[in-house]
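Please open the model in your viewer and keep the selection tool at hand. The stops below tell you what to pick next and what to look for there.

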Amino acid sequence: MPVRPYVHACVLVWCRSVFLVPGAYTTGHDISKSPWCCGGSTLHDCDVCMVNRTRDFFAWAQEDERVTGLAPWHWDSRGVDEVSAYKEIGVVDMPLLKAEWRTIGRAIRGNRN
């Protein structure tokens, strides 16, 4: 089931709003196993794919009054022993995705630094 209809059903049944936390991580080991890389095989492929997904989440947040917040999971990179498999590289080490989240942050703050 696509994420959006599932979340809408949740909001209608159990809660009044939702805070979106899109995946923003990959791995340095076997990128093909990272669920957020769109089948890509390089870190750059993941970076591009996640920028597009992040833009989709932000568009959803802007158009749906039930969305009350948006934040990436996860910003920092972590050791393999600190997270579940294939999730150790975070936004901070993906330059395109990092720039996109900063752009979104500025848009939310009204272009203030």
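Select Phe-19 to begin, a residue found in strand 1, where a strand is a DSSP run of E of at least two residues and a helix a DSSP run of H or I of at least four, both numbered from the N terminus. This is a predicted model, in which local features need pLDDT of at least 70 and side-chain atom pairs count only at pLDDT 80 or more, while totals for chains, interfaces and linings use all residues. Residues are numbered from 1 along each chain as its sequence is written, and side-chain values use heavy atoms, with hydrogens and water left out.

Is Phe-19 buried or exposed? Phe-19 is partly exposed, with a relative accessible area of 47%; buried means under 20%, exposed over 50%, and partly exposed in between, with a 1.4 Å probe and protein chains only.

Now add Val-21 and Trp-73 to the selection, because with Phe-19 they form a nonpolar patch on the surface, and together the three have about 310 Å² of accessible area. Such a patch is made of residues with over 30% relative accessible area and no salt bridge (a side-chain nitrogen of Lys or Arg within 4 Å of a carboxyl oxygen of Asp or Glu), and its nonpolar side chains (Val, Leu, Ile, Met, Phe, Trp, Tyr) are joined within 5 Å. The areas come from the Shrake-Rupley method with a 1.4 Å probe, and for residues only the protein chains shown count as cover.

From Trp-73, step along to His-74: the peptide bond between them is cis, with omega near 10°. His-74 is found in the loop between strand 2 and helix 3.

Zoom out next to see the whole protein chain, which has three helices and two strands in the sequence pattern α-β-α-β-α. Of its 113 residues, 36% count as buried.

To look inside, select Leu-20, Met-50, Phe-57, Val-67, Leu-70, Leu-97 and Trp-101, which touch the most other members of the largest nonpolar core, a set of 22 residues. A nonpolar core is a set of buried Ala, Val, Leu, Ile, Met, Phe, Trp, Tyr and Cys residues joined through side-chain atoms within 4.5 Å. Strand 1 (18-20), helix 2 (43-63), strand 2 (67-70) and helix 3 (95-108) each supply at least two residues of this core, and the largest share, seven residues, comes from helix 2.

Centre on Phe-57, which, leaving aside neighbours within four places in sequence, is in contact (heavy atoms within 4.5 Å) with Leu-20, Pro-22, Trp-36 and Leu-70.

Stay on helix 2 and compare two of its residues, Thr-54 and Gln-62. Thr-54 is buried, with a relative accessible area of 2%, and, not counting residues up to four places away in sequence, Thr-54 touches Leu-97, Glu-100, Trp-101 and Ile-104. Gln-62, by contrast, is exposed at 57% relative accessible area, and its C-alpha atom is separated by 9.6 Å from that of Ile-108, 46 residues apart along the chain.

Finish at Thr-27, found in the loop between strand 1 and helix 2, which is buried with a relative accessible area of 1%. Which residues is Thr-27 in contact with, leaving aside neighbours within four places in sequence? They are Ser-34, Tyr-86, Lys-87, Glu-88 and Ile-89. A polar contact of 2.8 Å joins the side chains of Thr-27 and Glu-88; the term means a pair of N or O atoms within 3.5 Å, where within protein one must be able to donate a hydrogen and the other to accept it, and residues adjacent in sequence count only if both atoms are side-chain atoms.

Definitions and conventions. Patch = residues over 30% accessible without salt bridge, like charges linked within 9 Å, V, L, I, M, F, W, Y side chains within 5 Å.
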